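Here are some exercises to work through with the model open beside you. Try each task before reading its solution.

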Amino acid sequence: MSINPKCLNGMSCFISAEGDYYPCCFVYTNKAELEEWATKRNYNMSDISITKHGYENTVNSDFYKDFYNSFEVNTCTRECGEKGYKATEVGKPKWEKWKNTDETKSGV
Ligand code: SF4
């Protein structure tokens, strides 16, 4: 299954109220999958704490280098796999699927 990761193509990351870094809001919403992935790879979820490690260290951590080379959670397949929705606006929180018809027609 090929993945076209929106997180590596301009979509915003997500930082939780606890100060944990997630590659996107989808993975945060389904974070049990990331926890399971981390356990299988012998990582600890505290590895994604920017409160503990700082932003740069967390983003460039072995945890996320490994994750960005795998995307082995169902959320990534669903949102960014071959049947994932199309993203056309780089760097914006709203993507084509989420726009309502009026916004799409007016070009907003
Ligand atoms: S669902 Fe996965 S591949 Fe898609 S943006 Fe989020 S982390 Fe990246």
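**Exercise 1. Decide whether Glu33 is buried, partly exposed or exposed, then find what it touches across the chain.**

Solution. Start with the neighbour count in this predicted model: Glu33 has 16 other C-beta atoms within 10 Å. A buried residue needs 20 or more and an exposed one has 12 or fewer, so Glu33 is partly exposed. Next, place the residue: Glu33 belongs to helix 2, which covers residues 31–40. Now set aside residues up to four places away in sequence; Glu33 then touches Val73, Asn74 and Thr75. For one of these, Asn74, the C-alpha atom is separated from that of Glu33 by 7.5 Å, although the two residues are 41 apart along the chain.

**Exercise 2. Locate Asn30 and classify its exposure.**

Solution. Asn30 sits in the loop between helix 1 and helix 2. Counting inside 10 Å gives 17 C-beta neighbours, so Asn30 is partly exposed. To see a link across the sequence, look at Thr75: 45 residues separate Asn30 and Thr75 along the chain, while their C-alpha atoms are separated by 7.2 Å.

**Exercise 3. Take Asn42 and Phe71, and work out the sign of phi and the exposure of each.**

Solution. Begin with what to expect: most residues other than glycine have a negative phi. Asn42 has a positive phi, near 65°, and Phe71 also has a positive value, near 50°. Both are in loops: Asn42 between helix 2 and helix 3 (50–53), Phe71 between helix 5 (62–68) and helix 6. Then count neighbours. Asn42 has 6 other C-beta atoms within 10 Å and is therefore exposed. Phe71 has 22 within that distance, so Phe71 is buried. Finally, leaving aside neighbours within four places in sequence, list the contacts of Phe71: Ile3, Pro5 and Cys76.

**Exercise 4. Find the residues of the largest nonpolar core and the elements that supply them.**

Solution. The largest nonpolar core has seven residues: Phe26, Val27, Leu34, Phe71, Val73, Cys76 and Cys80. Helix 1 and helix 6 are the elements that give two or more residues to this core. As background, nonpolar side chains tend to be buried together in soluble globular proteins.

**Exercise 5. Describe the shell around the ligand: how many residues, of what kind, and from which elements?**

Solution. First, the count: 14 residues surround the ligand, and the closest are Pro5, Cys7, Cys24, Cys76 and Cys80. Two elements give two or more residues to this shell, helix 1 (25–29) and helix 6 (74–80). Helix 6 provides the largest share, with four residues. Sorting the shell by type gives 11 nonpolar residues, one polar and two charged.

**Exercise 6. Summarise the fold of the whole chain and say where the prediction is below 50 in pLDDT.**

Solution. Count the elements: seven helices and two strands. Read from the N terminus, their order is β-β-α-α-α-α-α-α-α. Of the 108 residues, 17% count as buried. Among contacts with a separation of 6 or more, 51% join residues 24 or more positions apart. For confidence, the mean pLDDT is 85, and 79% of the residues reach 70 or more. Over residues 97–108 the pLDDT is below 50, and this stretch has four contacts in the model beyond near neighbours in sequence.

Methods: Residues are numbered from 1 along each chain as its sequence is written. This is a predicted model: local features need pLDDT of at least 70, side-chain atom pairs count only at pLDDT 80 or more; totals for chains, interfaces and linings use all residues. Two residues are in contact if their C-beta atoms, placed from the backbone, lie within 7 Å. A residue is near a molecule or strand if its C-beta atom, placed from the backbone, lies within 6 Å of it. Ala, Val, Leu, Ile, Met, Phe, Trp, Tyr, Cys and Pro count as nonpolar, Asp, Glu, Lys and Arg as charged, and the others, Gly among them, as polar. A nonpolar core is a set of buried Ala, Val, Leu, Ile, Met, Phe, Trp, Tyr and Cys residues joined through C-beta atoms within 7 Å. pLDDT is the predictor's confidence in each residue, from 0 to 100.
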